[in-house]
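Q: I have a protein model open in front of me and would like to learn how to read it with care. Could you take me through it feature by feature?

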Amino acid sequence: MKASFLLTLSAMWLQAAQAAPGNVTSSIDAGGQRASSANYSQFASISSLSGTSAQSANVTSKPSFIGQIYTANGAAIVASRLTVPETQTVQFNAFAHLDDGSLLAIPSTTLPTNLVVWTSPLLTIDDAGLGTATAVYQDEANVQVSATWNGFTASLPSALTILNTLNDNFAPYDADTINDAWQVLHFGLNDPLHGRGHLDPDSDGTSNVLEWAAGTDPLSATSKLGFLTHNAQNDGGFQTTFTSVVGKSYRIQRSTDLQLWTTIATVTATDVITAYTDAPAPVGKAFYRIEPVLAE
Ligand SMILES: [Ca+2]
Ligand SMILES: [Ca+2]
Ligand SMILES: [Ca+2]
C-alpha cells in the first residue's frame with residue numbers, strides 16, 4: 001500500500017525519502033524554494049505558492065490553494081432591506097472585518113464564541129439575525145441597529161425606517177378602535193389608565209372613543225360634541241346648532257320613532273359651532289342626532 005502511494009509523489013519527494021529512510025528530516029534546496037520531508041513537500045516561487053502536499057492522514061492540501069492566517073480587526077453588518085412595515089421581518093447578517101481588508105461572514109450559530117448580540121430600539125432580533133419590527137403608532141425613521149461580536153461593535157451603514165401600517169395595534173392603546181397616534185398625542189406613550197377608548201378621564205360623560213371620533217379634547221370637560229340650541233322656524237324648518245371641530249364632518253340623522261334613523265345631511269364644520277336647518281321638518285314630532293364621521 002505504501003509503495004503504490006509513493007508512485008504518486010513527485011521526484012523531489014522521492015529524493016528526500018531516499019536520503020533519510022526512517023527519519024522525518026526536512027531539506028530545503030539552495031534557492032529556498034523547495035522544502036520537503038517524509039511528511040510534506042512544498043514548492044514556492046517568487047510569484048506564488050504552489051501549495052503543500054502532506055502524507056498525514058488528517059491533513060488535506062489543495063493544489064494552488066493558499067491557506068492564510070488572518071486577524072479580525074472589526075465587524076460589519078448589513079440588512080436585507082431598509083424599509084420595514086411594522087410587525088414584519090428583516091434579515092441582518094454580520095461579518096468579521098479582517099486585517100487584509102476583506103470581510104468574512106460570521107455564521108449564524110448559538111455557540112458563545114460566534115454569538116452576535118444584536119441591539120435595536122424598535123426591533124427584536126434573534127441569534128440568527130432575523131429581526132421583527134415592533135408595532136408603532138407612526139412611521140419611525142432613523143431606527144438604528146448595531147451588533148457586537150468578539151469585542152467589536154458594528155452599526156448599519158444606513159438607519160432603517162419602520163412603517164406604520166396599522167392604526168390600532170400600538171401597545172398599550174391597541175385594539176380599542178381609536179387611532180393610536182391620537183392617543184399618544186393626548187396621553188403620551190404609556191398611560192392606559194387614562195387613554196384607552198372606554199375611559200372618560202375628563203368626566204364630561206363622553207368616552208375617549210367618542211371624543212376621538214368627534215375630534216374633541218379628551219382632557220377638557222368643556223370640549224365635547226353636543227347640541228346647543230333647537231329652534232322651530234316659521235317656514236316649517238327646524239334649526240339646530242351643535243359644538244363642532246373645524247374640519248370634522250358630521251352626519252345629521254333624523255327619526256320619527258327613535259327606531260329608524262335616516263341620515264339627512266353630512267356637514268363639514270367651519271367653526272366651533274355648526275348650525276343645520278332641516279327644511280321642511282316632518283309634520284308632528286321628530287328626533288335628531290349627530291354622528292361624527294370617523295377619519296380613515
Ligand atoms: Ca401601528
Ligand atoms: Ca388604539
Ligand atoms: Ca371625556
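A: The turns below treat confidence, then sheets, the core, a loop and a helix.

Q: What average pLDDT does the protein have, and how should I treat the parts with low scores?
A: This is a predicted model, and the general caution is that where pLDDT is low, the predicted coordinates should not be read in detail. Here the protein averages a pLDDT of 82, with 77% of the residues scoring at least 70. Two of the stretches to treat with caution are residues 1-21, where pLDDT stays under 50 and the model has 13 contacts beyond four places in sequence, and residues 45-63, where pLDDT also stays under 50 and there are 24 such contacts.

Q: How many helices and strands are there in the protein?
A: The protein has five helices and 21 strands. Of its 296 residues, 18% count as buried, and among the contacts with a separation of 6 or more, 44% are between residues 24 or more positions apart.

Q: How do I read a sheet, and what is the order of the strands in the one that contains strand 18?
A: The general idea is that strands of a sheet pair through backbone hydrogen bonds, either parallel or antiparallel. In this case three strands form an open sheet in the order 19-18-21, and the pairing is antiparallel. Strand 19 (262-268) and strand 21 (287-292) are the edge strands, each pairing on one side only, and the twist from one strand to the next averages 25 degrees. Strand 18, residues 249-255, is joined to strand 21 by six bridges, and you can find Ser255 opposite Phe287 of strand 21.

Q: Which strands are at the edges of the open sheet with the order 16-17-20?
A: This open sheet of three strands also has antiparallel pairing, and its edges are strand 16 (227-232) and strand 20 (273-278), which each pair on one side only. Its twist averages 15 degrees from one strand to the next. Five bridges connect strand 16 with strand 17, residues 238-243, in the antiparallel sense, and across this pair Asn231 faces Gln239 of strand 17.

Q: How should I look for a core, and which residues have the most contacts inside the largest one?
A: In soluble globular proteins, nonpolar side chains tend to be buried together. The largest nonpolar core in this model has 32 residues, and those with the most contacts inside it are Ala75, Phe92, Ala94, Val145 and Ala147. Among the elements that each supply at least two of its residues are strand 5 (72-79), strand 13 (146-149) and helix 5 (208-214), while the largest share, five residues, comes from strand 7. To see the packing around one member, select Ala94, which touches Ala75, Ile77, Ile106, Val116, Gly129, Ala147 and Trp149, leaving aside residues up to four places away in sequence.

Q: Why does Ala128 count as partly exposed?
A: Ala128 has 14 C-beta neighbours inside 10 Å, so it falls in the partly exposed class, which lies between the exposed limit of 12 or fewer and the buried limit of 20 or more. Ala128 is in the loop between strand 10 and strand 11 (130-133).

Q: Which residues of helix 3 are buried, and what do they pack against?
A: An α-helix has 3.6 residues a turn, so residues three or four places apart point the same way. In helix 3, residues 180-187, the buried ones are Asp180, Gln183 and Phe187. They lie on the same side of helix 3 because they cover an arc of only 55 degrees around the axis. These buried residues pack against helix 4 (192-195), and just after helix 3 comes Gly188, with a positive phi of about 85 degrees.

Technical notes
Residues numbered from 1 in each chain as written. Chains lettered and ligands numbered in written order. Predicted model: local features only at pLDDT ≥ 70, side-chain atom pairs only at ≥ 80, totals over all residues. Pairing = 2+ DSSP bridges. Helix = DSSP H or I, 4+ residues; strand = E, 2+ residues; numbered from the N terminus. Axes fitted to C-alpha atoms, helices over the stretch in contact; angles between N-to-C directions. pLDDT = per-residue confidence, 0-100. Contact = placed C-beta atoms within 7 Å. Core = buried A, V, L, I, M, F, W, Y, C linked by C-beta atoms within 7 Å. Arc of directions from axis to C-beta.
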